[in-house]
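User: Please give me a close look at one well-enclosed part of this model, and then follow the chain outward from there to its surroundings. I would like the cut-offs behind each term stated as you go.

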Amino acid sequence: MANDFEKNQQKTLHNDVLVAKDLTVYLPGPRPVELVKSLSFRVGKERVALVGESGSGKSLTARALMGLLPHPCEVRASQLTLGDQDLLTLRERQWNQLRGNRVSMVMQDPKHALNPAQPIGWQVEEPLRLHTRLGRKERQEKVLEMLNAVGLPDPQRLCKQYPHQLSGGMGQRVMLAIALINDPQWLIADEPTSALDFDMREQVLDLIERLVEQRNMGLILISHDLQQVSQFCERVLVMYKGDLLDELPADQLAYATHPYTQTLWSCRPSKLTHGERLPVLDRALLESLKHASPQQEPQP
Amino acid sequence: MTQLIPDQPTQADAATSWRPTARITTLSIGTVLVIILIACALLAPLLAPFDPNIQQIQFRLLPPSAEHWLGTDGFGRDLLSRVIYGARPTLLLVSLILILTIPIGLLVGISAGYIGGWYERVIMRVTDVVLSLPSLVIALALVSILGTGLMNGALALAFTSWPPFARQARAETLALRRSDYLAAARMQGIGGLRLMFGHILPLCLPSAVVRAALSLGGIILASAGLGFLGMGVQPPTAEWGSMVAEGSKVIFDQWWVAAAPGGAILFASLAFNLLGDGLRDKMDPRHGK
């Protein structure tokens, strides 16, 4: 309990913001390759979307924030702080303290993100066992409460079931329960709905929105569905080939001025565009814009 | 076979209700044989008609008869009783070896696969070295250093039988390392030992069990070999390997003295091999129907 109290106090004392300045993810070597180039953004207690096409570095950015980059990648930044904590100097142990406790992540495919050999209850409970000093009974209670909160029926029975016995939607709810059970301050959702069917998408996003609201958390939603993003988020960061191209309020998406964002927005098929050709990305124009923009910095 | 298939089912019957009948499979035969073996070991005092160590010189080397079903050996001891009692040291040895090898093999394999890098290279080369050693020869050398006895025999055989477990566990860990659920677990701050034992171990365990069942046949043969060479359990105790060695002195005139324990060894290794084969088929989705 003392732990909880401390955490709450921490939350109120510092107006926690996730700040990244010149965040660069690169493959080291004699000629380093930059995969994410000098990204700068701030995320407070708000819902921010990270959009862009495949390979634009959305997921890498998210993983860099968790300190879990795939093997050869390395991160460099002039500032990367989470509240009062400097993420650049953290050691593995301190990262583990952070993950699942202050920042949590939900992945794409619930079918592959749950360990097939352990029952659900065990997996939901694990972050509690790791990050808190609650007793067995309290943990059990919290697990049931959490499973209830994500809208799963009959949590008692569910705890004893294995991942293969769940449907995709249920699996994603379980993933959410695991991510949120420690009341983190940020949730990173890496395309949480792309493995689900359309109805499920709406439900799960509603759920995420509600929980984020209730728990007063920050949300970074990674997506390529602009429609979705414009509904659920407050701010949108648009990425292209590792660059942050555009940043705008989500409700302004339809009136975006940046050509890339414009094309992304308008290339969705709909009733209005029926029978017409959808606009195609003018990559040459983008390249020229990129070279002209002052964001491109010389190699350090 | 005939009584397993009930009366001819009508077509409608077959379509609507498929009754699971007890089918004879490798697994079921193996399981039954292993159960018989374990029962023999546990209930030896009840099953054996004679005391295995009572010597009645006047009845020495009797052929199989109604009184002595498998005959008697050179000291007039009842062979059936000795064969039944002989299951005890064999199974004890086998379980000791399993208790020693599976944890070591899994620990080495999972840690090598999980940690990777130099640690993995060094550990796996050590494993390869041990794997290349001929099991029985090394066991003989170790026993002659450590001294004869059940425990030392188990240690000696365990020393050379853990590498296959390690290699298998490493291969599985490597495949698992890139899986989404381990990445998801890391995102909850789970790492190190907790990840290795909480998440990877349960996934490696089934195949390790199958592997163990398959290697048991070989281990039984090796332990009998140790006994045959006089490096296992010491003589007055009934042990199949040493019984075969005794019987081999008189094998041309009184064949049953060697044949009885030999048959027992065959039975035991067959039982475990069948069980292992059956388990492998059961666990491998590609073998499933």
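Analyst: Strand β3(A) is largely enclosed by the rest of the structure, because 5 of its 5 residues are buried; a residue is called buried if 20 or more other C-beta atoms, placed from the backbone, lie within 10 Å of its own, exposed if 12 or fewer do, and partly exposed in between. The model is predicted, so local features need pLDDT of at least 70 and side-chain atom pairs count only at pLDDT 80 or more, whereas totals for chains, interfaces and linings use all residues. Residues are numbered from 1 along each chain as its sequence is written, and chains are lettered from A and ligands numbered from 1 in the order in which they are written. Strands (E, at least two residues) and helices (H or I, at least four) are DSSP runs, numbered from the N terminus.

In a regular strand the side chains alternate between the two faces of the sheet. In β3(A), A:Arg47, A:Ala49 and A:Val51 lie on one side and A:Val48 and A:Leu50 on the other, and both faces are covered. The strand, residues 47–51 of chain A, pairs in the parallel sense with β9(A) over 5 bridges, pairing being assigned if DSSP finds at least two bridges between two strands. Another parallel partner is strand β10 (residues 235–240) of chain A, joined to β3(A) by 4 bridges. Individual positions show how these partners line up: A:Leu50 has A:Leu237 as its bridge partner in β10(A), and A:Ala49 stands opposite A:Leu221 in β9(A).

The neighbour β9(A), residues 218–223, is itself largely enclosed by the rest of the structure, since 6 of its 6 residues are buried. A:Gly218, A:Ile220 and A:Ile222 point one way from this strand, and A:Leu219, A:Leu221 and A:Ser223 point the other way. Strand β8 (residues 186–190) of chain A also pairs with β9(A), again in the parallel sense and over 5 bridges, and A:Asp190 finds its bridge partner there in A:Ile222. Between β8(A) and β9(A) the chain passes through helix α9 (residues 198–215) of chain A, and this β-α-β crossover is right-handed; that is, with the strands pointing away from the viewer, the path from the first strand over the helix to the second runs clockwise.

A:Ile220 also figures in the largest nonpolar core, which has 80 residues, and shares with A:Ala177, A:Leu187 and A:Ile188 the place of those with the most contacts inside it. Such a core is a set of buried Ala, Val, Leu, Ile, Met, Phe, Trp, Tyr and Cys residues joined through C-beta atoms within 7 Å. Helix α8 (residues 168–180) of chain A contributes the largest share of this core, 8 residues. Residues up to four places away in sequence aside, A:Ala177 touches A:Val124, A:Met146, A:Leu147 and A:Val150, where two residues are in contact if their C-beta atoms, placed from the backbone, lie within 7 Å. A second, separate core of 63 residues includes B:Leu37, B:Ala222, B:Leu226 and B:Leu274.

That leads to the other chain. In all, 15 residues of chain B are in contact with 23 residues of chain A. On the side of chain B that touches chain A, α9 (180–187) and α10 (192–228) of chain B each supply at least two residues, and α9(B) gives the most, with 7 residues. Helix α9(B) is also largely enclosed by the rest of the structure, because 6 of its 8 residues are buried, namely B:Tyr181, B:Leu182, B:Ala184, B:Ala185, B:Arg186 and B:Met187. These buried residues pack against α2 (58–66), β7 (103–106) and α4 (110–113) of chain A, together with α8 (163–177) and α10 of chain B. Just after α9(B), B:Gly189 takes a positive phi of about 85°.

For contrast with the enclosed strands, consider A:Gly83, in the loop between β5 (79–82) and β6 (85–86) of chain A. A:Gly83 is partly exposed, because 17 other C-beta atoms lie within 10 Å. The C-alpha atoms of A:Gly83 and A:Val19, residues that are 64 apart along the chain, are separated by 8.0 Å.
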